[in-house]
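Me: I should like to go through the terms used for this structure and ask what each one rests on. Please set each value against its cut-off.

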Amino acid sequence: MYIFEALSYFDNLFSLGVLFCLLMGVTIGLVIGAIPGLSPPMAIALLIPVSFNFPPTEALILMVSCYAAGMYGGSFSAILIRAPGTSASAASAIEGFELTKKGKAIQAIRISTFASVLGGLISGLVLLLLAPPLAEVALLFGPAEYFLMAILGLTAIASISFGHIFKGLIAGFFGIFLSTVGIDLYSGIPRFTFGSATLSSGIDIMPAIVGLFAFAQGLELSMSKAQETIGGNSKLSWNIWPKFEEIKKVKNSLFRGWGCGLVLGIIPAAGGSIAQWIAYAWEIQKGKVGDQFGKGEIKGLAATEGSNNGCTGTSLIPMFTLGIPGGISAAVILGALVIHGLQPGFGLFKNNPQVVYTVIWGFLAANILMGLLAAVMARGMAHLTIMPKGLLAPLIIIFSIVGTYVNTNNIADIWIMMSFGVLGYLMNKYKFSTGAALLGLILGPIAENGLRDLMVVSRGDPLLYIFQRPLSIALILLTCIIVFYSARQFKWEQKNKKIINR
Amino acid sequence: MIKSLLKKITLFISALSLLVSSAIAADFPKGPVELIVPWKAGGGTDRSARIFAPFLAEELGVPVNVVNISGGGGWVAWGQMSKWDAKKDDHKIGLVNLPHVFAYLDPKMKRTETVADFNFIGGQTYDPCLWLVRADDDRFTGGLKDVLAYTAKNPNKLLVSTTAIGSDDYQGLAFAEKKLKGFKVGKVYANNDAKKIQELLAGTTDMVAGNVSFYVNYIREGKMRPVAVLDTVRSEYLPSVPTFGEVTGIENLGFAARTLIAANGLPQDKYDVFKNAINKAQANPGYQLAEMSKSSRIWTAAGSDLKDFISNTEKMVKVVEYWNQ
């Protein structure tokens, strides 16, 4: 029975080499993840030459622990200074930073740590125990499902517009429009590139996120009094572990977040970036009167933070079992597998169980270690919130620029990032949702390419094709239900506007 | 008397200049060398560069730092490389991908550079194109012959997952469509191999156009069946798979190759330092093992061989003229 086999490799963790790699991977991941613009794939790529000198198990543990910690590290800067370190922590920046502004930075980090560590552990356990039976799930997703999932994801715009639904839709459409920039995959024709080589490969997500969130935040801080602090307080509480009551209050949000992460993580290429938004939108839908969504609601943060680490383990399932890497991080880890003479696929679990199961145990251990290290790091980083704005604003702006440049070494990306920054500043000021614009930018290509692939594989008859696929029908139904409830809620809000505002 | 003195002086000067130039060669490179990857960290070229860098550093005696300059399908970096200054940029080596660099042939790209603007040192790796079907697909047990028979009967019915227009995978397919009568396929485009693998394994498409190194594992795993290699010779990793030319009688060359370049006008002695170091690093068994484990071929073409190869590649790209479709 493979479950017992999986459990039997636990003691392989206790070797000096493995522990060293764990510590190194987690530290590098946390630090690079926390810097806006620098992403986990980059941290993992830096480890390639290093890992080549290690035995396969150690090398892979180094990479998976860097991946898990990088995902989590991105949340620090998202919560503390609204500068998400990774694309997966963009949604956390919204509620997280509002909490920081209320002086609840440490409380936000506490919940984030709890949600991330436990989310990563659950996700890792699914990977450890259920990877072989879940392998084929990734293959259920074809062009029709990708297209419909992108549409489902776009419905989240309704929730993250926070009452300004038409402005939110405009922002969302603008994001989708920006996603069409670049050479078209199907015809090779450059769209809206204006002869620029940089634009010909499209607008990258990373400069957009750094601009819309971090740089815009830097600008906003520059406008306020220099000696003020973000949180309005000058002292910090040091307790990094959440109390039982705190967790109890957000337990449903955590389960929803973890659930979204676990399920969506398995879908290659799209899962991770969509999971946080779906979890967040779901959370807002479930909100009650008196909840402070968009103004610092801890439930929203618990959901987004749970989802982005909840997908880390499951996103490795298609990579290990089918050799299909879900993203760049997974592709680099796959490359390391191959270089060390291991064949990804079912054979991996049969022929090299000691390697694959030890690595998964390493992934689990990395999640625990990251929680411990975070306790130390978060305290240091939280000092940012008691730093005067006059000092913090230029720091954010400098980090945004340097982080963007280091990622691609392309000066043009800095201009793109700064344009998004100014845009983000204006959008915040006039209540256009920056999250909606980002969601459009992320989901636009998935929807467009999904639809065009669908037209080719269905030979021009997409409806017939869709109705033969149960998963597609389920996605359509789900989208309809969400739209129905959103519309009802919208009507209710319109009717009761006076009461709420009072 | 004066004449002999003059002679002595010129002799002295020439000896001195010889000394100086050999001194340059001896203390070149002076500091770290940058290896420029025209793609983001984590991609195939980046991975190969990061594996190669330590071996190259060992030969050069200085650190080799991989620097990613990404954007524009490689052209943000290549645009810079073509303008490298022999004095200022003498500590830089660049990676140029074939046939991707020929994107400039598309008039829509509006690029003024050509391959003549690059100072090629030599090849780095070479990865031929490969067509595969699902292992459990009974229609194509006889390989490429069955595929061709099927497409002849059902034009445009066979769905192929391929990398986007202009890529080597697309080039191989389009070349076949031009040269083989009745060979017309439906294409589903991707910008990475993960999507192609997912589509084929899920049965969304019938065939994949990819590169040998990405797919050897799926063949060994028993998930995919190779149909043909798009090369003049069979792949050392798949000796039983025929080439496209063996089956059809028409040579179809498809490959993803990487070459290394230096600044234009780089003095010969410095150029030779790079060239020798690259050759030695490529001969290092440690590096060879790393590339072999990825089923990738180390490619040492240089000089006129490389020049001919590049101009042949250009001709092939012009045959397909993808920008006119």
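**Terms and their grounds**

Reply: A starting point is B:Ser82, which lies in the loop that runs between helix H3 (75–81) and strand E3 (92–98) of chain B. The model is a predicted one.

Me: Why does B:Ser82 count as buried or exposed?

Reply: The relative accessibility of B:Ser82 is 11%. Buried means under 20%, so B:Ser82 counts as buried. Not counting residues up to four places away in sequence, B:Ser82 touches B:Glu113, B:Asp117, B:Phe118 and B:Asn264.

Me: What makes B:Phe214 count as buried, exposed or partly exposed?

Reply: B:Phe214 has a relative accessibility of 34%. Buried requires under 20% and exposed over 50%; B:Phe214 therefore counts as partly exposed. This residue belongs to helix H7 of chain B. Its C-alpha atom is separated by 9.3 Å from that of B:Asp127, and the two residues are 87 apart along the chain.

Me: Why is helix H7 of chain B said to be largely enclosed by the rest of the structure?

Reply: Helix H7 (residues 212–220) of chain B has nine residues, and seven of them are buried, so the helix is largely enclosed. The buried ones are B:Val212, B:Ser213, B:Tyr215, B:Val216, B:Asn217, B:Tyr218 and B:Ile219.

Me: Which elements of chain A and chain B are included in what covers the buried residues of H7(B)?

Reply: From chain A the cover includes helix H17 (317–322) and helix H18 (328–339). From chain B it includes strand E4 (119–134), helix H6 (193–202), strand E7 (207–211) and strand E8 (224–230). Just after H7(B), B:Gly222 adopts a positive phi of about 80°.

Me: Which residues touch the most other members of the largest nonpolar core?

Reply: That core has 129 residues, and those touching the most other members are A:Phe76, A:Leu316, A:Phe320, A:Ile333, B:Leu56, B:Leu60 and B:Phe274. Helix H5 (residues 56–81) of chain A gives the most to this core, 15 residues. A second core, separate from this one, has 103 residues, including A:Leu199, A:Tyr465, B:Ile165 and B:Val320.

Me: Which residues is B:Leu60 in contact with, leaving aside its neighbours within four places in sequence?

Reply: B:Leu60 is in contact with B:Pro29, B:Val33, B:Val273, B:Phe274 and B:Ala277.

Me: How do the residues lining the second largest pocket divide into nonpolar, polar and charged?

Reply: The lining of this pocket divides into 23 nonpolar, six polar and two charged residues. The pocket has a volume of about 770 Å³. Its lining is made of 31 residues, of which A:Leu152, A:Ile278, A:Trp282, A:Leu478 and A:Ile482 are the closest to its centre. H25(A) supplies the largest share of the lining, eight residues. Among the elements of chain A that each supply at least two residues are helix H7 (105–134), helix H14 (251–265) and helix H25 (470–495).

Me: What does the domain assignment of chain B give?

Reply: It gives domain 1 (32–126 + 255–324) and domain 2 (128–248). Their centres, taken over C-alpha atoms, are separated by 27 Å. The contact takes 16 residues from domain 1 of chain B and 21 from domain 2 of chain B.

Me: How many of the residues in chain B are buried, as a percentage?

Reply: Of the 325 residues in chain B, 58% are buried. Chain B has 11 helices and 10 strands. Among its contacts between residues at least 6 apart in sequence, 76% join residues at least 24 apart.

How values were computed:
Residues numbered from 1 in each chain as written. Chains lettered and ligands numbered in written order. Predicted model: local features only at pLDDT ≥ 70, side-chain atom pairs only at ≥ 80, totals over all residues. Heavy atoms only, no water. Buried < 20%, exposed > 50% of the residue type's maximum accessible area, 1.4 Å probe, protein only. Helix = DSSP H or I, 4+ residues; strand = E, 2+ residues; numbered from the N terminus. Contact = heavy atoms within 4.5 Å. Core = buried A, V, L, I, M, F, W, Y, C linked by side-chain atoms within 4.5 Å. 1 Å grid on protein atoms, 1.4 Å probe; cavity = no way out; pocket = protein on both sides within 12 Å on 5 of 7 lines; lining within 4 Å. Points joined across faces, edges and corners; volume = space filled by probe spheres on them. Nonpolar A, V, L, I, M, F, W, Y, C, P; charged D, E, K, R; others polar. Domains from an automatic or database assignment.
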